[in-house]
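I sat down with this model today to go through its cysteines, its core and a few backbone angles. My notes follow, in the order I looked things up.

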Amino acid sequence: MSVSGLCEICQRPEVDHTCDRCGNLVCDRHFDAQLSICSECVAEVEGGDPGDPTGVGDDAPDGVDTYEF
């Protein structure tokens, strides 16, 4: 669904989704398509950091590398 406004998590203008749980307008990066909720709600429901939608954060096991471009 295409909506207009800023992502309520990162403030980017590419808002494409509305969270089914809280109603936040969010971009693709901060939306979990399987659950149809934003990364903040995923963090509340499953635990974790809403600013890290990859879920890697500090919980990665030793010896695992994360590459960012």
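**Cysteines first**

I began at Cys-19: its sulfur is 3.7 Å from the closest cysteine sulfur, in Cys-22, too far for a bond. The model is a predicted one, and I kept that in mind throughout. The cut-off I needed here is 2.5 Å between the two sulfur atoms. I then looked up Cys-41, which is in no disulfide either; the nearest cysteine sulfur is again that of Cys-22, 3.7 Å away. How many disulfides does the structure hold? I noted 0.

Next I checked whether these cysteines are buried or exposed. Cys-19 has 3% relative accessibility, so I put it down as buried. Cys-41 is buried too, with a relative accessible area of 3%.

**The core**

Which residues make up the largest nonpolar core? I listed 10 of them: Cys-7, Val-15, Cys-19, Val-26, Cys-27, Phe-31, Ile-37, Cys-38, Cys-41 and Val-42. The elements giving two or more residues to this core are β4 and α1. Both cysteines from my opening entry, Cys-19 and Cys-41, are on that list.

I picked Ile-37 for a closer look, setting aside its neighbours within four places in sequence. What is Ile-37 in contact with? I found Cys-19, Asp-20, Arg-21, His-30, Phe-31, Asp-32 and Val-42. Among these partners, Cys-19, Phe-31 and Val-42 are also core residues.

**Helix α1**

I turned to α1, which covers residues 39-46. Which of its residues are buried? I wrote down Ser-39, Cys-41, Val-42 and Ala-43. Of these, Cys-41 and Val-42 appear in the core list. I also asked what covers the buried residues of α1. The cover includes β3 (31-32) and β4 (37-38).

**Positive phi angles**

Last, I went through backbone angles and stopped at two residues other than glycine.

- Gln-11 has a positive phi, near 70°. I located Gln-11 in the segment before β1 (17-18). With a relative accessible area of 47%, Gln-11 is partly exposed.
- Ser-36 has a positive phi as well, near 60°. I placed Ser-36 in the loop between β3 and β4. Its relative accessible area is 23%, so Ser-36 counts as partly exposed; the buried class would need a value under 20%.

Technical notes: Residues are numbered from 1 along each chain as its sequence is written. This is a predicted model: local features need pLDDT of at least 70, side-chain atom pairs count only at pLDDT 80 or more; totals for chains, interfaces and linings use all residues. Side-chain values use heavy atoms; hydrogens and water are left out. Buried means under 20% relative accessible area, exposed over 50%, partly exposed in between (1.4 Å probe, protein chains only). Helices (H or I, at least four residues) and strands (E, at least two) are DSSP runs, numbered from the N terminus. Contact means heavy atoms within 4.5 Å. A nonpolar core is a set of buried Ala, Val, Leu, Ile, Met, Phe, Trp, Tyr and Cys residues joined through side-chain atoms within 4.5 Å.
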